[in-house]
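This report describes selected strand pairings and helix packings. The sequence and the structure are shown below for reference.

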Amino acid sequence: MAIRIEDQNLLFHLQTDHTSYIFHMMENGELGQIYYGKRVHSKPSYDNLVTREWHNAAAVWRLDHKDVQPQVLKQEYASLGKGDFRYPAYQVAQANGSRITEFKYESYELVDGKQRLAGLPSAFDDTDDDAQTLTIALRDKLLGLVMHLNYTIFPHQDVIVRSAEFQNQGNEKLRLNSAASAQLDLPDADYDFIQFSGAWARERHMIRTHLRSGVQSVGSLRGTSSHQQNPFVMLARPNTDDAQGSVFGFNLIYSGNFSDQVQVDQYDASRVLVGINPEEFAWNLKPGDKFQTPEAVLSYTDAGMNQLSQQMGAFYQDHLVNPRFAHEQRPTLINNWEATFMDFDEDKLLSFATTAKKLGLEMFVLDDGWFGHRNNDDSSLGNWFVNEPKFPSGFGTFTQKIHDLGLKFGLWFEPEMISIDSELYKQHPDWLINAPGRHASPERQQFVLDMTRSEVVDYLFDAMSKIIEMTKLDYIKWDMNRNITETYSSQLSADDQLEVPHRYILGVYQLYDRLVKAYPDVLFESCSSGGGRFDLGMMYYAPQAWTSDDTDAVERMLIQFGTSYGYPQTMMGAHVSAVPNDQVGRITSLKTRANVAYFGDFGYELDITKMSPEEQQQVKEQTAFYKEHRQLFQFGKFYRIDNPFANGGNVMSWEVVSDDQKHAIAARYQILNRPNTGYIRLYLKGLDPDTKYTVNGGSEQFYGDELMNAGLFVSDILHETHGTDQSADFNSKLFVIDAVK
Ligand code: DGJ
């Protein structure tokens, strides 16, 4: 498995363990896509796949090359205005007003490994996992503009990472109006487009629609990847499901405005474009300047969506997430947010922490409201010094008490924001993002700092460093509670304003990078009003993210199930909160709340001091149970069994399985109970067919093949809850499966 190159005809075959990606140089010097899918043998040429047939009513490259008709060809990174007519991968505006380019193949370079990108989150191969990187150089001679198309194969995860870089080696100022990270032309359109869409508090619900002629797309113009659409999308054959079938996955290592689009053309061919959203973007390339796109992640399998999630998830763990934490078990925690909001004092927090320790939890996280004079959300963002009345004995003393209890200490920040009522605003009103002569639109009573300014990044680094050092901080929850409006930076020229959205996110990455390097043992959890920035750009720095502000168990089932398609469970912060639930007012049992939260980075977010002794005992047992199985819950292979987005939504089940297939835990959740149903069976997955297992410590032994193919009988919930005061609705069951020794 490697990248094979035929030098004579410039054919590039990127082979992973199970996939092949093939392209070549065409007669016009541009690159043509040949094939992406299940692995095929390497050959010097694939004449059959590049056969040309002349088409009527289509522009040709040259009179003497009438069979080279761009609109009929599968292109690798398509140009604008040369007869392709589909959406191009990039667009370059020139001093004379032209947008026409003629890039021609120049050379290639093949190296082992994968270097990180400078200033952008990116894939890496620190463990010599056989990654290889191919860079193709193309040049537009007239402009002196060089384009590098970068491809890295991660053979064992069946992942290809792509990006493009533009270098202005000419003499004229150019302007990049768009630059995709990856383009993929597929020969037909018999695919379902699968997206993960939603809103605040109901993120990443799965939507599946068949492709049709025209453009289907998801994207964001909010300055963040957004609650509304996620950069992860799939293209699956209509018969593909979790267990079988052909599917492509696409994601972007980026946290700002993005666009994932599929265009189905007149010949029913599909063009996928993934990258920074071309709307609200341009980049000036003065002579000598370079522009590097974020990286796109592509993966394929013919073994169903579950396999795709697993291989992409394994890739993120090994080649994207900060290696310091990627494989480390994450602490159980108590967070005070839903328990107190901003109404707390030192004593209240210490009683939480003391109880949390007694119940077995490992980290105390102090959320919003500890700084400036913040008692509600209209002040103090930017004042990253302690709210003294809340901590009369001093913040250092308070945090020392937490550590003395034997707990880790975590703290909330919202670095990118500023309140008008803050010292920072008094000193630096110009640090706020706003267009000249326009009023700035508040959201949650707050405004956005201009992260394109290096002095803002410096200020935040210094202010946060002081707190990190004073508190000997173990964990940071980095929140971002609004989208960007009136996008404009007063430090940039008129000509540079379309660079602001990208420069903003580069500033965020720079601050993350400096903090992660300066404080390597601090674990970051990213957050954006819940899951508004749940993307791979963030995951590079912050190995986990707050999945959603919605902590209701039923809503969380859907959110975590949807999220699991694109992201492994160890990236998902998942907490048990109080009932009636703060977001939907629903009452679910403590058991069901924990049964959902177990399948992520587990914690509690409620006033544990007010719980009855019985409930506290339950919390203690749940925490002990989670810790006992933490490796499995956080890092086990994740299998989706019953998909609520496909089966009417009443039943959901999933399972985690250890790498050695000796342990598994499955959960089945039922939203409403139904009368007089037939016998229920749960079809387990990922077990060793020849191994004998027990379920929940019972005496009956089952072969793995029996549990997977014939299923496990699940008794009627009513039989269990009948006669108790528990509702049979919102019920759940957990199955602990152990190989017989
Ligand atoms: C939004 C987050 O998602 C919540 O968990 C909490 O941290 C609040 N912000 C605090 O303002």
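## Helix packing and strand pairing

In this predicted model, Glu346, Leu349, Leu350 and Ala353 of helix α4 are in contact with Phe398, Lys401 and Ile402 of helix α5. By class, the residues of this contact comprise 5 nonpolar, no polar and 2 charged. Helix α4 spans residues 346–358 and helix α5 residues 395–404; they pack at an angle of about 15°, and their axes are 10 Å apart. Angles under 35 degrees count as roughly parallel, and α4 and α5 are therefore roughly parallel to each other. The crossing of α4 past α5 is right-handed.

A second helix pair is formed by α7 (residues 454–471) and α8 (residues 500–518), packed at an angle of about 30° with axes 10 Å apart. Here too the angle leads to a description of α7 and α8 as roughly parallel to each other, and their crossing is right-handed. On the α7 side, the contact involves Val457, Asp458, Leu460, Phe461, Met464, Ser465 and Ile468; on the α8 side, it involves Gly507, Gln510, Leu511, Arg514, Leu515 and Ala518. These residues divide into 8 nonpolar, 3 polar and 2 charged.

Turning to the strands, an open sheet is built from 4 strands in the order β1-β2-β3-β4, with antiparallel pairing. Strands β1 (3–6) and β4 (31–38) lie at the edges, each pairing on one side only. On average, neighbouring strands of this sheet are turned by 15° against each other, direction ignored. Strand β3 (residues 19–25) runs antiparallel to β4 and is joined to it by 7 bridges. Within β4, tyrosine 36 is the bridge partner of tyrosine 21.

Strand β10 (residues 174–186) has 11 of its 13 residues buried, so it is largely enclosed by the rest of the structure. The table lists antiparallel pairings of this strand.

| Partner of β10 | Residues of partner | Bridges |
|---|---|---|
| β5 | 90–93 | 4 bridges |
| β18 | 283–285 | 3 bridges |
| β17 | 270–276 | 6 bridges |

Individual residues can be placed within these pairings. Leucine 176 of β10 stands opposite valine 92, and leucine 176 also stands opposite tryptophan 283 in β18. In the pairing with β17, aspartate 185 stands opposite arginine 271.

How values were computed: Residues are numbered from 1 along each chain as its sequence is written. This is a predicted model: local features need pLDDT of at least 70, side-chain atom pairs count only at pLDDT 80 or more; totals for chains, interfaces and linings use all residues. Side-chain values use heavy atoms; hydrogens and water are left out. Axes are lines fitted to C-alpha atoms, for helices over the stretch in contact, and angles run from 0 to 180 degrees between N-to-C directions. Helices (H or I, at least four residues) and strands (E, at least two) are DSSP runs, numbered from the N terminus. Angles under 35 degrees count as roughly parallel, over 145 as roughly antiparallel, 65 to 115 as roughly perpendicular and the rest as oblique. A crossing is left-handed if the near helix is turned anticlockwise from the far one by less than a right angle, and right-handed if clockwise. Contact means heavy atoms within 4.5 Å. Ala, Val, Leu, Ile, Met, Phe, Trp, Tyr, Cys and Pro count as nonpolar, Asp, Glu, Lys and Arg as charged, and the others, Gly among them, as polar. Two strands pair if DSSP finds at least two bridges between them. Buried means under 20% relative accessible area, exposed over 50%, partly exposed in between (1.4 Å probe, protein chains only).
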